[in-house]
Amino acid sequence: MKQALHQLTIATTGKGLTDLTRPIIEWTATQGIATGLLTVWCRHTSASLTVQENADPTVRADILRFFEALVPEATGRYAHEDEGPDDMPAHLRTMLTQTQISIPVAAGRPVFGTWQALYLFEHRRHPNRREIVLHLFGA
Amino acid sequence: MKQALHQLTIATTGKGLTDLTRPIIEWTATQGIATGLLTVWCRHTSASLTVQENADPTVRADILRFFEALVPEATGRYAHEDEGPDDMPAHLRTMLTQTQISIPVAAGRPVFGTWQALYLFEHRRHPNRREIVLHLFGA
Amino acid sequence: MKQALHQLTIATTGKGLTDLTRPIIEWTATQGIATGLLTVWCRHTSASLTVQENADPTVRADILRFFEALVPEATGRYAHEDEGPDDMPAHLRTMLTQTQISIPVAAGRPVFGTWQALYLFEHRRHPNRREIVLHLFGA
């Protein structure tokens, strides 16, 4: 049994989903671990993680629209708006999705289903650099 | 320290919650691991996992009603409706719940609380066969 | 590679967020594990876990208001109200947040970002004693 830690820094371009599946699979493949568990951690409270459909780009557009409606940006609605109207909605959208996702690894590869991708979900309007920690252990 | 991988295939009968607690506990009990961590992964984006109350069936009925209202099915509301009006709501309901749940194991048993069950939450109207990956490690 | 299990019992005072970051960091620091994975499990279905902003208390107030509006308490709205109007909303709010969070550990410390705290989110009106299981493994 051994383990490895790694950090990805992801440049986002404002609100939207960035696919992390490929960098995660590629890093895992080089660790010499056939069977194990991979954990992905997002070190932020205004960006989050989600596993979603990887094929049709309209799914991502629907996701953005849905979260705009479910957690509206509106000046005066929230007490916390230090950084603008997208500040508190970013925290709430993070809370409704994931900060951490762990996936089993088999044959050196995370066991994603055919239609699954792991996305970083940026909730702020402006570009950010987001730190994603990867932890892998196994044999 | 050792680890084990397993796959459950669960036949769902349309929308609803299928209790996975017993098969998960039973598989864990046969792995010869007293202390460790069990991870459950759902390989789909239109079905998900949740830990919920295990006693009163009206809880499950309330859950279904709540998600119908929170993420409505409505033709024309979503851009992605390739597979019908339950397609995109299934993705969004997945996103608001869990694709992965990891639970500590003590004395050979996941440490569920008295009232906790781990459910597979089917979001599509029609029956499906859902692949659930289990990963256990420990000693 | 070694592992450790621990249970925290947290007294809540009704609805609200209790910061678990410090007890989690302190327990982790005493386990003699530099690199690893820490898992936090909440043994209840009417309290949950979330990673949120740790600085401005108005964030926590906004979170409470948001969940009151998203999952309203209202007599007659839910079939399951054995324990009062906050019973079923507590289950639904748990379902929309987390029962489990796992975080990588580096240099003996969970890799929380600068602004991240891990909170226990009590959803019931009355005080409760909540059992939180910690599992740590690593080397």
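**Reading the interfaces of chain A**

Author: A suitable starting point is the contact of chain A with chain C, in which 31 residues of chain A meet 36 residues of chain C. The model is a predicted one.

Reader: How much area do chain A and chain C bury between them, and which residues of chain A supply the most of it?

Author: Chain A and chain C bury about 2600 Å² between them, and carbon and sulfur atoms account for 66% of this area. On the side of chain A, three residues supply more than any other three: Q3(A), W41(A) and M95(A) give 27% of the area that chain A buries against chain C.

Reader: How many salt bridges and how many polar contacts are counted between chain A and chain C?

Author: The rule finds zero salt bridges across this interface. Residue pairs in polar contact, with both residues at pLDDT 80 or more, number 13 between chain A and chain C.

Reader: Which elements of chain A form the side that touches chain C?

Author: At least two residues each come from β1 (2-11), β3, α3 (87-96), β5 and β8 of chain A. The largest share, six residues, belongs to α3(A). Sorted by class, this side of chain A holds 15 nonpolar, 13 polar and three charged residues.

Reader: What is found where chain A meets chain B?

Author: Here 36 residues of chain A and 31 residues of chain B take part in the contact. The area buried between chain A and chain B is about 2600 Å², with 66% given by carbon and sulfur atoms. Zero salt bridges are found across the interface of chain A and chain B, while 13 residue pairs are in polar contact, both residues being at pLDDT 80 or more.

Reader: Which elements of chain A give two or more residues to the side that touches chain B?

Author: They are β3 (36-42), β4 (47-53), α2 (57-70), β5 (100-106), β7 (116-122) and β8 (129-138) of chain A. The largest share comes from α2(A), with eight residues. By class, this side of chain A has 20 nonpolar, 12 polar and four charged residues.

Reader: How are two copies of a chain related?

Author: In general, the relation is a rotation about an axis together with a shift along that axis. In this model, a turn of 120° and a shift of 0.0 Å along the axis lay chain A on chain B with an RMSD of 0.0 Å. The two copies are therefore related as by a three-fold rotation axis.

Reader: Which residue of chain A comes closest to the rotation axis?

Author: That residue is L96(A), whose C-alpha lies at 3.3 Å from the rotation axis.

How values were computed
Residues are numbered from 1 along each chain as its sequence is written. Chains are lettered from A and ligands numbered from 1 in the order in which they are written. This is a predicted model: local features need pLDDT of at least 70, side-chain atom pairs count only at pLDDT 80 or more; totals for chains, interfaces and linings use all residues. Side-chain values use heavy atoms; hydrogens and water are left out. Contact means heavy atoms within 4.5 Å. Buried area is the accessible area (1.4 Å probe) that two parts lose on being put together, summed over both. A salt bridge is a side-chain nitrogen of Lys or Arg within 4 Å of a carboxyl oxygen of Asp or Glu. A polar contact is a pair of N or O atoms within 3.5 Å; within protein, one must be able to donate a hydrogen and the other to accept it, and residues adjacent in sequence count only if both atoms are side-chain atoms. Helices (H or I, at least four residues) and strands (E, at least two) are DSSP runs, numbered from the N terminus. Ala, Val, Leu, Ile, Met, Phe, Trp, Tyr, Cys and Pro count as nonpolar, Asp, Glu, Lys and Arg as charged, and the others, Gly among them, as polar. Copies are superposed by least squares on the C-alpha atoms of residues with pLDDT of at least 70 in both.
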